Amino acid sequence: MSRFSALSHRQQGLLLTGGGAMIMAPDALLIKVADLPDAEILMWRGFLSALGFLLIALARYGRGTLAAYRRCGWTGIAVALLFSLTTCGFVLGNQYTKAGNVLMILASAPLIAAILSWVILKERLPRRTWLAICLCMAGVAMIALDDSGAGSWVGNAFALVTATTLAINFTLCRTRPGVDMSPMLVFNGLIVGSVAGIFWLAGSEPSLPATNQLAVVVLLCLFIVPCGVTLLQRGPLYLPSAEVGLLLLLEVVVGTLLAWWILAEQPAPVAMVGGALVLGTLSAKGLYERRLELRQRAGLETIAVAETTPPVTVDRSSTL
């Protein structure tokens with residue numbers, strides 16, 4: 001038995017989702033470094049990531065790859081379409097506003113997922129979740145006030161589209177427990193690449209990027225995106241959609257630090273306060289719920305021990 005198989009179901013989900021978020025952390029930074037036009041970066045990201053997703057699916061399923069696609073059904077098609085919007089929103093958001101802003105707004109994904117789980121999956125939300133929703137939405141509003149220019153508002157809107165479609169994606173995956181939707185990401189890449197390619201060809205004098213730009217694009221789109229997103233897309237197989245979104249905070253924290261450090265982006269104080277409010281609220285919520293889970297598990301173990309322990313009887317027939 002491998003070490004991964006020896007882990008509990010929840011631990012496997014935490015490892016897969018957390019690992020995917022860490023792999024995706026340089027995403028926003030590398031989009032900025034590539035410095036390509038909107039249609040061109042989307043075209044390369046679409047086609048190269050589609051190739052990467054296909055190679056991963058073939059490596060994992062081998063001769064059963066077609067069967068893996070058939071199992072996804074119409075839900076898988078919806079996942080592919082939604083992730084196409086997620087990809088476009090993320091890339092265009094980074095093109096029009098600061099990378100740190102995009103990643104911070106992406107932190108609202110777990111809250112949106114929690115609301116969708118309540119509406120679609122009929123999961124009741126405790127009061128602490130509604131409180132977290134209010135606090136984080138206030139934080140997101142503060143981030144959006146970072147820059148009053150029209151361009152930044154467009155970028156923030158794209159980032160919000162990213163968070164929303166990602167949350168819907170994870171919630172849909174929870175409606176098909178046990179079905180791995182990650183192979184359908186191949187179609188997401190083909191959709192994004194084809195649409196962006198049309199705009200790229202229609203532009204003025206399309207040409208290949210410079211060698212250094214092409215190297216960044218290949219690293220990001222052929223390796224980082226397929227590996228990271230495949231792990232994230234498998235998260236809902238093990239964890240609730242809101243918790244999968246919560247683990248995206250690893251990407252937010254690491255990615256924001258990388259962007260602010262390497263690109264020397266100086267966020268406004270109000271954006272820093274908003275980001276701290278979002279991260280602080282979600283972190284406190286996660287730690288509190290983890291504490292409740294451990295306390296509940298300890299109580300169940302105590303009850304189980306009490307039920308399996310035979311009662312002690314006193315033999316009163318003997319005399320002193």
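Helices here are DSSP runs of type H or I with at least four residues, numbered from the N terminus. The model described below is predicted.

## Overall make-up

The chain has 14 helices and 0 strands. Read along the sequence, its pattern is α-α-α-α-α-α-α-α-α-α-α-α-α-α. The chain has 320 residues, and 47% of them count as buried.

## A nonpolar patch on the surface

A nonpolar patch of about 1000 Å² lies on the surface. Its members are Phe47, Trp74, Ile77, Leu81, Phe187, Leu190, Ile191, Val195, Ile198 and Phe199. Two elements, helix H5 (65–96) and helix H10 (185–202), give two or more residues each. Which of the elements provides the largest share of the patch? H10 does, with 6 residues.

Ile198 is one of the patch residues, and its place is in helix H10. Is Ile198 buried or exposed? Its relative accessibility is 59%, so Ile198 counts as exposed. The cut-off for that class is over 50% relative accessible area.

Ala202 lies in helix H10 too. Its relative accessibility is 66%, so Ala202 also counts as exposed. Ala202 and Ala39 are 163 residues apart in sequence. In space, their C-alpha atoms are 10.0 Å apart.

## How helices pack

Two packed helices are described by the angle between their axes and the distance between the axes. Three pairs are set out here.

| Helix pair | Angle between axes | Axis distance | Handedness of crossing |
|---|---|---|---|
| H2 and H11 | roughly 150° | within 7 Å | left-handed |
| H3 and H11 | about 155° | 9 Å | left-handed |
| H4 and H5 | about 150° | 11 Å | right-handed |

Helix H2 covers residues 9–23, and helix H11 covers residues 211–234. Their axes come within 7 Å and cross at roughly 150°. H2 is therefore roughly antiparallel to H11. Angles over 145 degrees fall in that class. The crossing of H2 and H11 is left-handed.

H11 also packs with H3, at about 155° and with axes 9 Å apart. That angle makes H3 roughly antiparallel to H11. The crossing of H3 and H11 is left-handed.

Helix H4 spans residues 38–61. H4 and H5 pack at about 150°, and their axes are 11 Å apart. H4 is thus roughly antiparallel to H5. What is the handedness of the crossing of H4 and H5? This crossing is right-handed.

## The loop between H3 and H4

Most residues other than glycine have a negative phi. Asp35 has a positive phi of about 55°, although Asp35 is not a glycine. Where is Asp35 found? Asp35 sits in the loop between helix H3 (27–34) and H4. Asp35 is exposed, because its relative accessible area is 59%.

## Salt bridges

Side chains of opposite charge can pair when their charged atoms come close. How many salt bridges does a search of the whole structure find? It finds 2.

One salt bridge joins Asp27 and Arg45, with the closest N and O atoms 2.8 Å apart. Asp27 is in helix H3 and Arg45 is in helix H4. The pair links distant parts of the chain, 18 residues apart. Both Asp27 and Arg45 are buried.

Another salt bridge joins Asp180 and Arg60. Here the closest N and O atoms are 2.7 Å apart. This pair also links distant parts of the chain, 120 residues apart. Asp180 is in the loop between helix H9 (150–174) and H10, and Arg60 is in helix H4. Is Asp180 buried or exposed? Asp180 is buried, because its relative accessible area is 10%. Under 20% is the cut-off for that class. Arg60 has 33% relative accessibility, so it counts as partly exposed.

## A contact at the end of H7

Helix H7 covers residues 109–120, and Ile120 is found in it. At 44% relative accessibility, Ile120 counts as partly exposed. Ile120 and Leu172 are 52 residues apart along the chain. What separates their C-alpha atoms in space? The separation is 8.8 Å.

Conventions:
Residues numbered from 1 in each chain as written. Predicted model: local features only at pLDDT ≥ 70, side-chain atom pairs only at ≥ 80, totals over all residues. Heavy atoms only, no water. Patch = residues over 30% accessible without salt bridge, like charges linked within 9 Å, V, L, I, M, F, W, Y side chains within 5 Å. Areas by Shrake-Rupley, 256 points an atom, 1.4 Å probe, with all protein chains shown as cover. Salt bridge = Lys/Arg side-chain N within 4 Å of Asp/Glu carboxyl O. Buried < 20%, exposed > 50% of the residue type's maximum accessible area, 1.4 Å probe, protein only. Axes fitted to C-alpha atoms, helices over the stretch in contact; angles between N-to-C directions. Parallel < 35°, antiparallel > 145°, perpendicular 65-115°, else oblique. Left-handed = near helix turned anticlockwise from the far one by under 90°.
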